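Grab your viewer and work through a few exercises on this chain. Try each task yourself before you read the solution under it.

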Amino acid sequence: MVLKLFNTMTRKKEVFKPIEKGKVRFYSCGQTVYSDMHIGNARAYASWDVLKRYLLYKGYDVFHVQNFTDVGHLVGDVDKGAEDKILKSAREKKMQPMALVEKYIADYFRDNDDLNIMRADIYSRATGHILEMQEMIKVLLEKKHAYIVDGNVYYDITSFPKYNDLFGMNLLKSGGKARVKKDPNKRHPKDFALWIKATKGHIMRWPSPWSVGYPGWHIECSAMSIKYLGEHFDIHCGGKDHIYVHHPNEIAQSEGYTGKKWVNYWLHNEFLLINGEKMSKSKGNYYTTRQAINEWGGEVVKMFLISSHYRTASNYTNENLETAKKNLEKFYTTLNLIKNSEGGKKTNLEKEIRIVKKKFEEAMDDDLNTPLALKEIYEFMKKVNKNLDNKKEILNKASDTILLLGRTLGLKLEEKKEKIELEPLIKIIIDLRNEYRKNKNYKKSDEIRDKLLKTGIELKDEGEKTVFAIKKF
Ligand SMILES: [Zn+2]
């Protein structure tokens, strides 16, 4: 079976062939670390987590790079007179910009860990790669893909004829979705800033041959992905909103710089809706990932995120989260039933294990069809629940299969350790020992005391009463 991925560039499902046999190098556009991550962002990261885990399942050696934007992402994406998102947020929160960045990076990892999203091999920060970006801009200027106006450097979109046809969007004629205000510095309204001259009071600034300033947003992804993944790599992922501006600009920069094809497969995830509507702070239907995790728990949220196909809109509603919770419970129910079953003589599940694996792979090979893959696992678990009289070794194999497939989709499926309250348990032992003492069986009562002491529980007889202390080692 071969993996097929929907390539937004060709608008077709294509057989995935890596550039280097057995290896996959991929880049995903990451977080601008200026505020809490919203649940729509989490959807993107959960989608690429599925991609990564399935590539690993198929035996590929995967190398994944994702960025943190900590400079250059302007509010409204308008190149002139707009404020840097980091600076604006830092000013509002009365924080140092880099302290703000540290906070939101730490929050990012906390939320992603709770969602069991695998960490990338490299998280590259824009501010750590200013030299690489400047190097790229120099070459783009030399190759006449860019021009300088008053210390600002712009990409000349007409120098890259392929631009209009990218993603089949007719980007120059239709204007895409980005409404770009007229900027007298630009030759074409779609030209975009590679380097921006810092205005007075702009704290984040670096020297450059053109001005003391800071990089435009798009250049970081080109510079950092090429640095770590090479000039030609396999997959580039991002949210659907990047199809119109950010990704065409990344391609124009990268291919303008190298003069050759940059990325083979482009994957984009659909948006997440809140109660059927586009997420919007002003409408009050806005959820941060943290809010969702606090309300439902990380694993339920993850189950919700993977329950719809990454290219269809998913809808964050109480009902859908409840369904995710119930579906997640199905996993734990079956795993526990197997654990507690003594098994029997039947062997019919052996065949079902082979079938579910095959069906799971068929679903996932078809552009990562997670809802279908989950459906196949539920069907399998139903059969297991009704056939617990299979041989124990087959039941264990079924359990391993459920864990493998569930975890490939990014569920944690951790064995839940039951918490035992120690105090009532010790009191039962003390009562038992006191029975022996009453009957003057001191040999037995001392034996209990000594054995407990070895486990770190010390008993002291105070007249009729026995108290205990847990010794700390
Ligand atoms: Zn990017």
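The exercises below go from the whole chain down to single residue pairs, and the model they use is a predicted one.

**Exercise 1: the whole chain**

Task: Find how the radius of gyration of the protein chain stands against that of a compact globule of 473 residues.

Solution:
- Start with the parts list: the protein chain has 15 helices and 16 strands.
- Next, get the extent. Along the principal axes, the C-alpha atoms fill a box of roughly 100 × 55 × 45 Å.
- Now the comparison: a compact globule of 473 residues would come out near 23 Å, but the protein chain has a radius of gyration of 29 Å.
- Finally, look at the division into domains: domain 1 covers 4-269, domain 2 covers 318-408 and domain 3 covers 422-470. Between the C-alpha centres of domain 2 and domain 3 there are 46 Å.

**Exercise 2: two packed helices**

Task: Describe how helix 10 and helix 12 pack, giving the angle and the distance between their axes.

Solution:
- Two numbers do the job in general: a packed pair is described by the angle between the helix axes and the distance between them.
- Here, helix 10 (residues 318-340) meets helix 12 (residues 370-386) at about 35°, and the axes are 10 Å apart.
- For the hand, the crossing of helix 10 and helix 12 is left-handed.
- Then pick out the contact residues. Helix 10 brings Asn327, Lys330, Thr334, Leu337 and Ile338, while helix 12 brings Leu374, Tyr378, Met381, Val384 and Asn385.
- Sort them by type and you get six nonpolar, three polar and one charged residue in this contact.

**Exercise 3: an antiparallel sheet**

Task: In the open sheet with the order 6-7-8-9, work out which strands stand at the edges.

Solution:
- The sheet has four strands, and its pairing is antiparallel.
- Strand 6 (146-149) and strand 9 (213-215) each have a single partner strand, so one side of each has no neighbour in the sheet, and these two are the edges.
- On average, neighbouring strands of this sheet are turned by 20° against each other, ignoring direction.
- Zoom in on the middle: strand 7 (residues 152-155) and strand 8 (residues 192-197) are joined by three bridges. Tyr154 sits opposite Ala193 in strand 8.

**Exercise 4: a mixed sheet**

Task: Do the same for the open sheet with the order 13-12-14.

Solution:
- This one has three strands and mixed pairing.
- Strand 13 (277-278) and strand 14 (314-316) are the edges; each has a single partner strand, so one side of each goes without a neighbour in the sheet.
- Strand 12 (residues 272-274) pairs with strand 14 in the parallel sense, over three bridges. Leu273 has Asn315 of strand 14 as its bridge partner.

**Exercise 5: a hairpin**

Task: Which residue in the turn between strand 15 and strand 16 has a positive phi?

Solution:
- Strand 15 (residues 457-462) and strand 16 (residues 465-470) are antiparallel, with six bridges.
- One bridge pairs Asp461 with Thr466 in strand 16.
- Two residues lie between the strands of this hairpin, and Gly463 in the turn has the positive phi, about 65°.

Notes
Residues are numbered from 1 along each chain as its sequence is written. This is a predicted model: local features need pLDDT of at least 70, side-chain atom pairs count only at pLDDT 80 or more; totals for chains, interfaces and linings use all residues. Axes are lines fitted to C-alpha atoms, for helices over the stretch in contact, and angles run from 0 to 180 degrees between N-to-C directions. A crossing is left-handed if the near helix is turned anticlockwise from the far one by less than a right angle, and right-handed if clockwise. Two residues are in contact if their C-beta atoms, placed from the backbone, lie within 7 Å. Ala, Val, Leu, Ile, Met, Phe, Trp, Tyr, Cys and Pro count as nonpolar, Asp, Glu, Lys and Arg as charged, and the others, Gly among them, as polar. Two strands pair if DSSP finds at least two bridges between them. Domain bounds come from an automatic or database domain assignment. The radius of gyration is taken over C-alpha atoms; the globule rule is 2.2 Å times the number of residues to the power 0.38.
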